[in-house]
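The following exercises concern pockets, a ligand site and backbone geometry. Each task is followed by a solution in steps.

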Amino acid sequence: MSHQHQTRRITVPEIKAHKGATPVVCLTCYHAHTARLLDAHVDVMLVGDSLGMVMHGLENTLGVTLEMMITHGKAVMRGSQRALVVVDMPFGTYEESPEVAFRNAARVIQETGCTAVKLEGGSRMAQTVTYLTQRGIPVMGHIGLTPQGINVAGGFRTVGRSAEEWPAIEADAKTLADAGAFAVVLEGMAEPLAARITAAISIPTIGIGASPACDGQVLVMEDMLGLNPHPPKFVREYASLGPAIEAAVKAYAADVRSRSFPGVENVYPMKKAGSVGPGGV
Ligand code: KIV
């Protein structure tokens, strides 16, 4: 299948069909211009609540609101036509009950037009995953290092580096798959555990800092483009846009100060004499 010519959206069953086959390619995306650039090349665009830090300068994801997610979700949907778009449910909008989760997830789906939502948590979210899925809202799970749990965990900690932790995390993955999640993000997880989970469940695992053993990979786009001055160890930088942007802005500032920008090519000349009548513009 040629990615370049497909203009309908990739579907949830198509993502599920990647299980044990070609890895699922996923990147975060928060705005229309980048959505347009990513659309032909990724299978899934995740409007992640990491936008709180990346776009809004927050310290963590806990201050992200449903309105912020909807605003960025709409922008990504407007900028894309092919990739499946998943929007994160932010902290405080889904944990209370399946009913609350449904009401808020339905808003996300209706107002953005995206296909699916993602929520953090394993076994404790199973009932909610089933409730949403049975009512027409596909759910991507997210286990391992779950950034919305930062205050309980006391920080961001990679999981599964000692085998005693494994049974509970494996149970989380299996329970989410049985509950109807169509894929699950494994974040910050030791490779042997990610491999075990990937072998054990029937839905694609999407890794971020969880090794190539997963059925797909996701990164925060700004991290892989080199915009994060302190990227995590699991990030590979495919460009150095941070330094490139800084160099461009420095050159622009020098040009403005020296009056070499705007140049003649950037200036609107007068129309030829006689082509504009009195009062014309
Ligand atoms: O918010 C986010 O960007 C995410 C990914 C890191 C998986 O949840």
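**Exercise 1.** Determine which residues lie nearest the centre of the second largest pocket, and which elements contribute to its lining.

*Solution.* Step 1. In this predicted model, 24 residues line the second largest pocket, and those nearest its centre are Gly144, Leu145, Thr146, Gly149 and Ala153.
Step 2. Two or more lining residues come from each of strand 5 (139-144), helix 7 (150-153) and helix 8 (166-179).
Step 3. Helix 7 supplies the largest share, three residues.
Step 4. By class, the lining of this pocket comprises ten nonpolar, eight polar and six charged residues. The volume of the second largest pocket is about 540 Å³.

**Exercise 2.** Describe the largest pocket by its volume, lining and occupant.

*Solution.* Step 1. The volume of the largest pocket is about 840 Å³.
Step 2. Its lining consists of 35 residues, with Glu187, Ile208, Asp223, Pro232 and Phe234 closest to the centre.
Step 3. The elements that each give two or more residues to this lining are helix 3 (51-54), strand 6 (183-187), strand 8 (216-219) and helix 10 (221-224).
Step 4. Sorted by class, the lining has 16 nonpolar, ten polar and nine charged residues.
Step 5. The occupant is the ligand, whose space is the largest pocket.

**Exercise 3.** Identify the residues that surround the ligand, and state which side chains place a polar atom at 3.0 Å, 2.5 Å or 2.8 Å from one of its oxygen atoms.

*Solution.* Step 1. The shell around the ligand is made up of Thr28, Leu46, Gly48, Asp49, Ser50, Asp88, Lys118, His142, Val185 and Ile208.
Step 2. This shell divides into three nonpolar, four polar and three charged residues.
Step 3. Polar contacts are judged with a cut-off of 3.5 Å between N or O atoms. For Asp49, a polar side-chain atom is 3.0 Å from a ligand oxygen. For Ser50, the corresponding distance from a polar side-chain atom to a ligand oxygen is 2.5 Å. For Lys118, an N or O atom of the side chain is 2.8 Å from an oxygen atom of the ligand.
Step 4. On its own the ligand has 260 Å² of accessible area, and the protein covers 94% of it.

**Exercise 4.** Where are the cis peptide bond and the positive phi of a non-glycine residue located?

*Solution.* Step 1. As a reference, most peptide bonds are trans, and most residues other than glycine have a negative phi.
Step 2. The cis bond links Phe261 to Pro262, with omega about -5°. Pro262 belongs to the segment that follows helix 11 (241-258).
Step 3. The positive phi is that of Ser211, with a value near 80°. Ser211 is located in the loop between strand 7 (205-208) and strand 8.

Key
Residues are numbered from 1 along each chain as its sequence is written. This is a predicted model: local features need pLDDT of at least 70, side-chain atom pairs count only at pLDDT 80 or more; totals for chains, interfaces and linings use all residues. Side-chain values use heavy atoms; hydrogens and water are left out. A residue is near a molecule or strand if one of its heavy atoms lies within 4 Å of it. A polar contact is a pair of N or O atoms within 3.5 Å; within protein, one must be able to donate a hydrogen and the other to accept it, and residues adjacent in sequence count only if both atoms are side-chain atoms. Accessible areas come from the Shrake-Rupley method with a 1.4 Å probe; for residues, only the protein chains shown count as cover. On a 1 Å grid over the protein atoms alone, a cavity is a set of points where a 1.4 Å probe fits but cannot get out, and a pocket is an open set with protein on both sides within 12 Å along at least five of seven lines; lining residues have an atom within 4 Å of a point. A molecule sits in a cavity or pocket if more than half of its atoms lie within 2 Å of its grid points. Ala, Val, Leu, Ile, Met, Phe, Trp, Tyr, Cys and Pro count as nonpolar, Asp, Glu, Lys and Arg as charged, and the others, Gly among them, as polar. Grid points are joined across faces, edges and corners, and a volume is the space filled by probe spheres set on the points. Helices (H or I, at least four residues) and strands (E, at least two) are DSSP runs, numbered from the N terminus.
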